[in-house]
Amino acid sequence: MNEGPGFGVYVHWPFCAAKCPYCDFNSHVRHQPVDQARFADAFARELATMRQRTGQRAVSSIFLGGGTPSLMEPKTVGTILDRIAAEWTVAPDVEITLEANPSSVEAERFRGYREAGVNRVSLGVQALNDRDLRFLGRLHTADDALHAIRLARETFPRLSFDLIYARPGQTVEAWTAELEEAIGHAADHLSLYQLTIEEGTPFFSLHKAGKLPVPDADRAADLYEATQEVTAARGLPAYEISNHAKPGAESRHNLIYWRYGEYVGVGPGAHGRFIEGRRRVVTFTERVPEAWLKLAEAKGTGVCGGETLTREEEADEFLLMGLRLAEGIDLQRYEELSGRALAPERVTILREEGLVTPLGNSRLRATPAGMVVLDALVADLAR
């Protein structure tokens, strides 16, 4: 867990078979077939443009996210991966992750993805019973999910899958039983997210109208605590607030984000953060797929905005990302980014309140209590 942040490439495939009612990601449903060859060519154009901006880098992680990347044909995935390898140096042990929905039709493509170079799959399981899957708007059943998990374990060297908890009416006992079942099926990594009500989603409207009750803060905290206890006892401790893995099986791509490394983002609605001209820049692309496609074809990129971060902004982002990790932050790197040390009196107060703890003389981490109030903790430290 002590290697440098690395350099990653994020590829956003924006299409889904259906829009889940809790999702606020940039995902779109199209009722006509997508011209995948045309999109693959546009991805290649944008990757070439990004290569011009970043210069030569060694890519340690590639992540195909969405949307639903498993709606891509294996040939499309192969074309994109080949283009990345043509633009940058790809590390021999590169982690290449593809997000997938566990329907039987998509699962049958797994072998094609493996042949294209994918070596890690992340399955959007979300729940292990059909009632909650219907509530979450998922198109698969629990049996579909278990079939996809089995096939993924046979096909890929590494596997992760997601579950959403703090669902309406969910008790600690019910979640603990479901989590124990999930761990029995897991390979080496689980992503476990509390249900959040995001503005602009159908769930937001239902919640605002009083038709979607969610666990109160105390119940949510109990569910979070149970999650940490069960996963730690079963050998998948939390290395980040919502992510759990056997030692050595952490998501390399997500560690790039949380360790405040550099990455480019290509595709509709993708974001990137990388050093350009000795300063960290942020890029974001056009969100509407067809509009992004036209921009990429005409200009070589769908980037439609961005900014250059100040030292203070970089330092604040570094705190926000790094304190999500069990390994915490490197205090010297914070000083290098911000030009100043964290205020000793603030650190002392937060230690006395049980929200942070030092790791030796060089690192600082949030305690379990601090993780629960992380946004407020970061705001306090950054003052």
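## Close-up views of the predicted model

**View 1. Pro358 meets its partner in a hairpin.** In this close-up, Pro358 has Leu364 of strand S17 as its bridge partner. The model shown here and in the views that follow is a predicted one. Strand S16, residues 356-359, pairs with S17 in the antiparallel sense, and four bridges hold the pairing. Another facing pair to look for is Val356, which stands opposite Ala366 in S17. The two strands S16 and S17 make a hairpin with three residues between them. In that turn, Gly360 has a positive phi of about 65 degrees.

**View 2. S17 sits between two partners in a small open sheet.** Here the frame takes in the sheet of three strands, with the order S15-S17-S16 and antiparallel pairing. Why do S15 and S16 each have one side without a neighbour in the sheet? Both stand at the edges with a single partner strand, so one side of each is left free of sheet neighbours. Strand S15 covers residues 329-330 and is joined to S17 by two bridges, again antiparallel. Follow Ile329 across and you will find Leu364 in S17 opposite; Leu364 is also the bridge partner of Pro358.

**View 3. The two faces of S17.** Which residues of S17, residues 363-366, belong to the covered face, and which to the uncovered one? Leu364 and Ala366 make up the covered face, while Arg363 and Arg365 lie on the uncovered face. Both residues of the covered face have already appeared in the pairing with S16: Leu364 opposite Pro358, and Ala366 opposite Val356.

**View 4. Helix H16 and its buried side.** Helix H16 runs over residues 374-381, and its buried residues are Leu374, Leu377, Val378, Asp380 and Leu381. Looking down the axis of H16, these buried residues fall within an arc of 160 degrees, so they line one face of the helix. A handy reminder for reading this view: an α-helix has 3.6 residues a turn, so residues three or four places apart point the same way. On the other side of H16, Asp375 and Ala376 are exposed. The cover over the buried residues of H16 includes the strands S16 and S17 from the earlier views, along with helix H12 (311-322), helix H14 (344-352) and helix H15 (368-372).

**View 5. Cysteines without disulfides.** The model has zero disulfides, taking a pair of cysteine sulfur atoms within 2.5 Å as the test. Cys23 is in no disulfide, and its nearest cysteine sulfur, that of Cys20, is 6.3 Å away. Is Cys23 buried or exposed? Cys23 is buried, at a relative accessible area of 16%. Cys304 is in no disulfide either, and the nearest cysteine sulfur to it, that of Cys23, is 19 Å away. With a relative accessibility of 45%, Cys304 counts as partly exposed.

**View 6. Stepping back to the whole chain.** To place the close-ups, this last frame shows the protein chain, with its 16 helices and 17 strands. Its radius of gyration is 21 Å, which agrees with the value near 21 Å for a compact globule of 383 residues. Along the principal axes, the C-alpha atoms fill a box of roughly 60 × 50 × 45 Å. Buried residues make up 52% of the chain. Of the contacts between residues at least 6 apart in sequence, 70% join residues at least 24 apart. The chain exposes about 17100 Å², and carbon and sulfur atoms supply 51% of that area.

How values were computed: Residues numbered from 1 in each chain as written. Predicted model: local features only at pLDDT ≥ 70, side-chain atom pairs only at ≥ 80, totals over all residues. Heavy atoms only, no water. Buried < 20%, exposed > 50% of the residue type's maximum accessible area, 1.4 Å probe, protein only. Pairing = 2+ DSSP bridges. Arc of directions from axis to C-beta. Contact = heavy atoms within 4.5 Å. Rg over C-alpha atoms; globule rule 2.2 N^0.38 Å. Areas by Shrake-Rupley, 256 points an atom, 1.4 Å probe, with all protein chains shown as cover.
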